[in-house]
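Subject: Handover of a structure for your review

Dear colleague,

Please find the structure below, together with its sequence. A description of what was found in it follows.

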Amino acid sequence: MSDAREKFCERMRAAIKAGALRKLTLGRYRGPESTLRNLFVRPVQLKGGPHLSFVWRHETRDVTKNHPPEAAVDLLEPLIGAGFLDAHLFTHDESVQLESHPRGKPRLTVTAANGDLGGSSHDKAKSRMIPPNAPWLRTLGVTNPSGKPVEGMAAKFRQIERFAEILQHLLDETGLAAPLEVVDMGCGKGYLTFALASVLGSGAHIVGVELRAELVEFCNRAAAENGFAPALEFSSGSIADRPLANVDVLIALHACDTATDDALAKGIEAGASLLVVAPCCQKELRRQLEAPAVLAGPLRHGIFQERQAEFVTDALRVELLEWAGYRTKAFEFVSTEHTAKNLMITAVKAHPRGDEARAARVRELAAFYGIKRHALARQLGFLLV
């Protein structure tokens with residue numbers, strides 16, 4: 001066993017024995033199971049006492065198993081640096097990363113703990129991630145001093161909670177480590193930007209970009225008052241005109257019409273490992289839609305045209321992201337009772353750009369609906385026809 005791997009395993013054993021483990025992430029799988037991607041380990045409290053929950057992340061499913069601490073250590077040690085080339089250990093005091101290479105020396109990196117990355121209870125209360133009585137929620141007018149949502153803000157609070165849950169899950173999946181550079185494009189009043197700061201703590205530098213100067217001023221003042229500055233800051237500007245470089249995570253929630261494409265293109269250009277967008281007002285393609293014969297009748301109705309345009313716009317975005325080197329997911333992130341614009345697209349950098357099979361898939365989809373122009377395709381230099 002190499003010195004770096006032995007030191008990592010020593011820290012892991014000590015953290016598990018002392019009950020100091022917060023989470024363990026194993027990535028870059030190189031074993032015989034073709035669909036396996038990651039392993040995530042967290043402490044849980046069961047009726048039988050403390051256990052470690054193993055979540056085996058496969059391409060299309062998750063498998064969860066719980067193990068007593070000693071048995072968990074016996075299972076984990078052979079996987080570290082062998083089956084999984086990346087290992088990231090989070091404790092109450094430090095973050096430890098082991099990067100192994102098949103033909104090189106493993107590298108161990110140790111940094112001080114950096115903010116709340118999640119609790120350890122089996123049924124983790126949502127308030128542990130975003131406490132309802134957090135001062136910043138009061139500053140933004142979401143909750144009152146007792147931690148209850150103010151009138152008309154219950155749906156907003158649920159969006160904030162859900163966003164924090166999704167973000168934590170995505171960070172676990174990607175294995176991104178501090179320090180992170182995060183940009184929230186078109187952040188508005190900053191509800192979700194502050195949620196980012198709350199989840200990531202001091203392990204990230206976060207910039208919220210907003211066109212309206214009065215909101216930028218308000219958010220910078222709120223960040224300072226609540227102790228988030230300078231790790232959290234807000235800047236005035238448009239998504240299209242904002243220059244980006246060396247970004248790890250890009251967020252763009254409810255950026256209208258092609259502003260979502262602007263944000264995605266900026267994130268891809270800046271090399272972001274994680275993209276998170278919630279599209280809004282997908283209008284660009286509606287006038288281009290040429291109904292296939294079987295759909296011509298239904299698409300005479302405006303409501304079906306609108307929904308079809310939304311579907312085609314976002315389906316092409318997903319396919320273009322796959323072509324650009326990302327693994328994507330599209331899902332409803334909150335109930336429609338909270339917002340009608342509840343589609344979220346996430347993209348994790350996963351493979352080389354430019355695969356011809358993926359390119360053909362994009363063009364086939366565009367041709368089926370008669371689409372010749374798409375903002376994201378244009379900005380990526382992808383020819384639809």
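Helix 9 covers residues 302-323, and its 22 residues should span 32 Å at 1.5 Å a residue; the C-alpha atoms at its ends are 31 Å apart, which agrees. Please bear in mind throughout that this is a predicted model. Directly after helix 9 comes G325, which has a positive phi, near 110 degrees.

One residue of helix 9 is W323. Is W323 buried or exposed? With a relative accessibility of 11%, W323 falls under the 20% limit that defines a buried residue. Leaving aside neighbours within four places in sequence, W323 is in contact with P352, R353, G354, D355, R358, A359, L380 and F382. As for G354, its C-alpha atom lies 5.5 Å from that of W323, although 31 residues separate the two in sequence.

The protein as a whole

The secondary structure of the protein comprises eleven helices and 14 strands. Along the principal axes, the C-alpha atoms fill a box of roughly 65 × 55 × 40 Å. For 385 residues, a compact globule would have a radius of gyration near 21 Å, and the value of 22 Å for the protein agrees with this.

Of the 385 residues, 50% count as buried. The exposed surface of the protein amounts to about 18200 Å², and carbon and sulfur atoms supply 52% of it. Among contacts with a separation of 6 or more, 63% join residues that are 24 or more positions apart. The protein carries 48 positive and 45 negative charges, and the mean positions of these two sets are 2 Å apart.

Buried elements

Which residues of helix 6 are buried? They are Y191, L192, T193, F194, A195, L196, A197, S198, V199 and L200. Because ten of the ten residues of helix 6 (residues 191-200) are buried, this helix is largely enclosed by the rest of the structure. Just after helix 6, G201 takes a positive phi of about 60 degrees.

Helix 8, which covers residues 259-269, contains L264. L264 is buried, at a relative accessible area of 1%. Not counting residues up to four places away in sequence, L264 touches L275, V277, R317, L321 and L376. The C-alpha atoms of L264 and M185 are separated by 9.7 Å, and the two residues are 79 residues apart along the chain.

An exposed position in a strand

T64 belongs to strand 4, which covers residues 62-67. What is the relative accessible area of T64? The value is 51%, and T64 is therefore exposed, since exposed means over 50%. T64 nevertheless touches S53, F54 and V55, with residues up to four places away in sequence left out of the count. From C-alpha to C-alpha, T64 and S53 are 6.8 Å apart in space, with a distance of eleven residues in sequence.

Backbone features

Most residues other than glycine have a negative phi, and most peptide bonds are trans. The following positions deserve a note in that light.

The peptide bond from A229 to P230 is cis, and its omega is near 0 degrees. P230 is located in the loop between helix 7 (213-225) and strand 10 (232-236).

N246 has a positive phi, near 55 degrees, and is a residue other than glycine. Where does N246 lie? N246 is placed in the loop between strand 10 and strand 11, the latter covering 249-256. Its relative accessibility is 65%, so N246 counts as exposed.

H254 also is not a glycine, yet its phi is positive, at about 65 degrees. This residue is part of strand 11. With a relative accessible area of 30%, H254 is partly exposed.

With kind regards

Definitions and conventions:
Residues numbered from 1 in each chain as written. Predicted model: local features only at pLDDT ≥ 70, side-chain atom pairs only at ≥ 80, totals over all residues. Heavy atoms only, no water. Helix = DSSP H or I, 4+ residues; strand = E, 2+ residues; numbered from the N terminus. Buried < 20%, exposed > 50% of the residue type's maximum accessible area, 1.4 Å probe, protein only. Expected span 1.5 Å × (residues − 1). Rg over C-alpha atoms; globule rule 2.2 N^0.38 Å. Contact = heavy atoms within 4.5 Å. Areas by Shrake-Rupley, 256 points an atom, 1.4 Å probe, with all protein chains shown as cover. Lys, Arg positive; Asp, Glu negative; His and termini not counted. Charge placed at Lys NZ, Arg CZ, Asp CG, Glu CD.
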